Structure formats: structure tokens, C-alpha cells
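Colleague: Please take a close look at the strand pairing in this model. I should like one connected account of how the strands are arranged.

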Amino acid sequence: MGVRRSLPGPTFRARKGRWTVVTVRNELPVPTSTHLHGGVTPAESDGFPTDLILPAGYSPAPPGHHSATGRHHDTTRDYTYPITQRAATLWYHDHRMDFTGPQVWRGLAGLFLITDEIESALPLPRDDRDLPLMICDRSFAADGSLKYPQRDMTHPGADGMFHAGIFGDVILVNGAPWPRTEAAAVRYRLRLVNGSNARRYRLSLSAGTITQIGSDAGLLAAPLPREDVLLAPGERVDVIADFTGLPAGTEVTMANTLGEGPTADVMRFVITGPAPDDTRIPVTLTTLETLDRTRAVAERRFDFRFGGGRWTINDQPYDPAATMCSVREGTVELWRFTSDFHHPVHVHMGHFQVLSRGAGGPEPGDAGWKDTVDVRPYETVQVLVDFTGHRGRYMLHCHNLEHEDMAMMANFDIV
């Protein structure tokens, strides 16, 4: 499986202000739907779960499997992205109803990088010192194939089991298990993407320093020194890893302190020695508007919870034909997310700023504009969501992909 039989698929590079059209051809034996995660995208190109590209000769599944409903495209379709948003590290992945988990696990995901004039003018590492890193965990069968606990590709998800999500025992970075790469004793930009189905990472380096410069939806206003960074499924963090002054032969391990055994190490940089480096980390990265709760024209609560043997939002399992609320395009709303478990909440189309966690303010990892936020067990997270962009039907959902496949999604309309 995979996009062009690789994991991750091809990396796309786009520039703000230039329309981008991506043609997807489905030569797999199953339907697909591609979502540009973090994109400010017209609804018809957002990758709705029942907006499917059918392979040649495919017969829709029986009623109840949702592949039999919604829009269908024969073999190919164009996804249109106006690219009106700021520079950011985005990613794309399959979003097929009931099958997102197994299809992303088998490789239907990749990186989509946007740049703009502001980012291009900064003295940040670029070219071969700008490293997009998709991190994910996978398990493998004895024959080397990807192992996912599912009877077949026509039966939804992980058979309604595995309520914590699916975890692998091999850490992949850009498809390679625990890779080693040579690096000069200079600064590197690491675009960290959590492409796992359910695993969280707390990433640190055994030597050198980490400075965060970006979040899900683009640059921070100012650099933020970090000891480590926490990534829930779907989240992205851009950091500058500074290896300046490290002697040749130093091995720098990127560790996952939330992991154990084989999942505790992610990758290793082997320092080759000093090299010219004209980069620096500027005091100011960009100008960001800070939203105030007085901007909110409405307040809503979304409760992510397990009940009655199913994952729900506001006690409702997902209905692709229903909508939970309508919001006005160009406005800001205050949304409260509550949970009974770890739920990385992703909002399509609307970018947001974290206002508070529990009784406190946002944490360092909540900085900047985001599209995914990790809501911890029995925690309330308040966010201010900006719905400037496009009208149409979009969705929010838990980005634990098994929770998503178990109906932990909801539609909303931008009008």
C-alpha cells in the first residue's frame, strides 16, 4: 500500500498565494479520501470521510459501512488548495470513513510544506539543513509486512476493539526504523510531525539545544527554548536543533521519554565536525494576532467521552448526514473541549489559539496557532477558533485514529 508505495508519500511544497491542484489516482483495491491536515481548504477538497475515490471496478460496501453513501469519484479526482494561509508544516493522510486507522497505518500519509515571504526572509536553516521528519510507530509481521489487527480491508477499523488505539513496537522516521544520519556541528531545522495512530511522544536530544520556532499552523511570534517537546497524534512542532560546538563523532540521540524499550529511541545524529553556518535564530519570527475572548461571538462545549460501548462527542456517535452546529464564516468562537481520556482534538479548516487548560493558562507546547490540541483525561481545554476561510461542511474529531474510526467525530457547518 502507501502513496506511490512509500511511507511517507511524496512531500509537496507550496507557496502562499499560489493555487495548488493535486490529482490523486486510486490504484488500490479500496476507496480513499485525502485530507490536507491543517489546510485552509474549500469544503469540497477537504477530504470528507464519505467523499471517496473508488478504484476501477469497485462495488460499494453493503449499507452500514458508509462507503455506500456520500460522493464518489471514479479512479481519480483533483483536490484544489488556494494556499491563502501562512507558512506551515502540514501533512496529508487518508480520511476514509471507518478505515482511517488501517489506511494511514499502511502508508497513506505524507508531508505538505507551505512557505511565504516572511519565512523565506528569515535566516533559518534551509535546503539540506531543513529536515521534515514524520515520526510514527508500526508493527511488522514475520514476512516484513505491516501488521494491523484487522480481519480484512472491507471490515471497519480494528473490529471495534483496542479502545486505547493501536500502538506499534518499531519507531519509524520517514519510513526508516530508528535511523542514523550524519549531521555537521551546525543548526538544523527539524519539522517534527506525529504521524502515529495513537502514540504520544515527548522528544528530547541527548546533546545540543532545542528551540521551538513553529507550531501546527506556522511560526511562533518569538523563539521558545525547550528542554523537550510533546507531540500528540496529528500535531506538528518546528524546532531548531543546535549542534554547534559538538565534537566530531558525537552521537546525539533523539529520545522519546514517554516510550519504553524499543519505543524509547527515535533516531540518532552522528556529528561529522564543524562547518560554515550563517544561520541564526532571530529574536522575532513573525507578527501574530493574539485573540481575546471578547472576540468570541459564541461559546460551545464538546465533550469527548466513552459511553454505551462507543466513543462519542456530546453523547452522540458520528452521523455523516448530521451537523452539530453552524458557525459564521469570518468569526471567532470559544470552544471548550472536555474528555475522559487522552483525546488529541483536531478541527478542520478553523485554526485556533489555546486560551486555557483547567484552571491555568496555556502551556508552552500550546503556543502559536494550532489545529490540533491534546486534551488530557478529565481536563477542560478552551480554545478560540477563527473560522476565516471558506463556507461549507467541516468536522472536528479525535485524532486517535481508532477513536475516529469508532465514530468520535462531528460535523459543523460554516455559513
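Modeller: The strand pairing is described below.

The model is predicted, and local features need pLDDT of at least 70, side-chain atom pairs count only at pLDDT 80 or more, and totals for chains, interfaces and linings use all residues. Residues are numbered from 1 along each chain as its sequence is written, and side-chain values use heavy atoms, with hydrogens and water left out.

An open sheet is formed by 7 strands (DSSP runs of E, at least two residues, numbered from the N terminus), in the order β11-β10-β9-β13-β18-β15-β16 and with mixed pairing. Its edges are β11 (176-177) and β16 (218-226); each has a single partner strand, so one side of each lacks a neighbour in the sheet. Within this sheet, β13 (residues 187-194) and β18 (residues 236-242) run antiparallel and are joined by 7 bridges; two strands count as paired if DSSP finds at least two bridges between them. Here Y188 has A241 in β18 as its bridge partner.

Another strand to consider is β29 (residues 392-398), of whose 7 residues 5 are buried (under 20% relative accessible area, with a 1.4 Å probe and protein chains only), which leaves the strand mostly covered. Strand β29 pairs in the antiparallel sense with β25 (residues 343-347) over 3 bridges, and V345 has C398 in β29 as its bridge partner. Strand β29 also pairs with β30 (residues 409-414), again in the antiparallel sense, over 6 bridges. In that pairing, R393 stands opposite D413 in β30.

Technical notes:
Helices (H or I, at least four residues) and strands (E, at least two) are DSSP runs, numbered from the N terminus. Buried means under 20% relative accessible area, exposed over 50%, partly exposed in between (1.4 Å probe, protein chains only).
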